[in-house]
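Here are my comments on the model you sent, set out as numbered points. Please read them with the structure open beside you.

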Amino acid sequence: MPHRTELYEDPPLGCWPIVYSPDYNITFMGLEKLHPFDAGKWGKIINFLKEEKLIADDLIVQAREATDEDLLVVHTRRYLNKLKWSFVVATITEIPPVAFLPNFIVQRKVLKPLRTQTGGTIMAGKLAVDRGWAINVGGGFHHCSSDKGGGFCAYADITLAIKFLFERVQGVSRATIIDLDAHQGNGHERDFMDDPRVYIMDAYNRYIYPGDGFAKRAIKRKVELEWGTEDTEYLQKVQTHVEGALNEFKPDIVVYNAGTDILDGDPLGGLAISPQGIVKRDEVVFRAARSRGVPVLMVTSGGYQKRTARIIADSILNLHSLGLLGRQQPACALGSPSLDQMVRDSAKDFSNLALQ
């Protein structure tokens, strides 16, 4: 019998299936600046979407923190106990000074934001099934498995979202993970190694972290990319393999790990995709899933440049302008004829920018 969880409680009617909490953002005495990750990017994405009038605070779903009981659906008690040691968290987050902080501060300032993002991914899984799509503005901790963290990933949110759906939602028994972050998603690969219910497609730079040969055995559709891969080759491969993956295996949910560390100039990704290429990539995935009537859950994962937040916001605006985020407006926005127009205008502005 699954435990009782607040994460599957229905959000207020009229909310968009976009999940976020201000608690996502990591800020503590500038320590977060010691990792190349922009630890405030999630809030910036939301601010851009608010500026474009796509959303307002009362139109998004407020993420809740995953409890220990929620996390134990996947994680071992031994692993969760390890996170009570600051030096372990310092190794996972790749921020060495964290090792010298009292653990109660590490829990509050580093792990609570990551647990809240993890709760957000689990919540977005149910929302996607209910609404046809959902976006967690955070999450995508694809290097973490049930008993091991790494690469800034302390909780296995993708595995958790899928296991929650399998256990709690009738009619969901097959899942496809489409992992398009620049790094191999070795965490969920290890977790679903011998699980025939889960099909994994992973496209990544073959030369960078984590290079996990054992985990690669779980990938059903492996797309290994060369240094400096550019838009034309990349988008052709994504289109071919996303379509191929969804034709080969018919899932009840697609979990899309939409890392933006494929962006040209990213210090860790080593690929050379343009902002417009990222927007088009997300469109390809949503179009493939939605045209087949398969719910899609998107998480934002890696992306290590200051301009990343703007690109993610532009991509969400583009998906909306193309009708890929559902045609029905939230009830509380029905009386606002200017909303669609403003979104269309912003998408047009982005298109004009792309042509310059």
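1. Strand β7, residues 253-257, and strand β8, residues 296-299, pair in the parallel sense, and 4 bridges join them in this predicted model. One of the residues to look at here is V255, whose bridge partner in β8 is L297.

2. The pairing of β7 with β8 belongs to an open sheet of 8 strands, in which the pairing is parallel and the order reads β2-β1-β3-β8-β7-β4-β5-β6. Which strands form the edges of this sheet? They are β2, at 61-62, and β6, at 221-225, each of which pairs on one side only.

3. Helix α9, spanning residues 231-248, lies across four of these strands, namely β4 (175-179), β5 (198-205), β6 and β7. Relative to β6, helix α9 runs at about 170°, and with angles over 145 degrees counted as roughly antiparallel, the helix and that edge strand may be described in those terms.

4. Helix α10, residues 275-291, packs against helix α11, residues 308-321, at an angle of about 45°, and their axes are 9 Å apart. The two helices are therefore oblique to each other, and their crossing is right-handed. On the α10 side the contact is made by P275, I278, V279, D282, E283 and F286, while α11 contributes I311, D314, S315, N318 and L319. By character, the residues of this contact divide into 6 nonpolar, 2 polar and 3 charged.

5. Why can helix α4, residues 86-93, be called largely enclosed by the rest of the structure? The reason is that 6 of its 8 residues are buried, where buried stands for under 20% relative accessible area. The buried residues of α4 are S86, V88, V89, A90, I92 and T93, and what covers them includes helix α3, at 77-82, and helix α5, at 103-131. Directly after α4 comes E94, and the phi of this residue is positive, near 60°.

6. Helix α5, which is among the elements covering the buried residues of α4, also contains T118. Is T118 buried or exposed? Its relative accessibility is 0%, and T118 therefore counts as buried. Leaving aside residues up to four places away in sequence, T118 touches A66, L71, F141, Y155, D157 and L160, a list worth having at hand when this part of helix α5 is inspected in the model.

Definitions and conventions
Residues numbered from 1 in each chain as written. Predicted model: local features only at pLDDT ≥ 70, side-chain atom pairs only at ≥ 80, totals over all residues. Heavy atoms only, no water. Axes fitted to C-alpha atoms, helices over the stretch in contact; angles between N-to-C directions. Parallel < 35°, antiparallel > 145°, perpendicular 65-115°, else oblique. Left-handed = near helix turned anticlockwise from the far one by under 90°. Contact = heavy atoms within 4.5 Å. Nonpolar A, V, L, I, M, F, W, Y, C, P; charged D, E, K, R; others polar. Pairing = 2+ DSSP bridges. Buried < 20%, exposed > 50% of the residue type's maximum accessible area, 1.4 Å probe, protein only.
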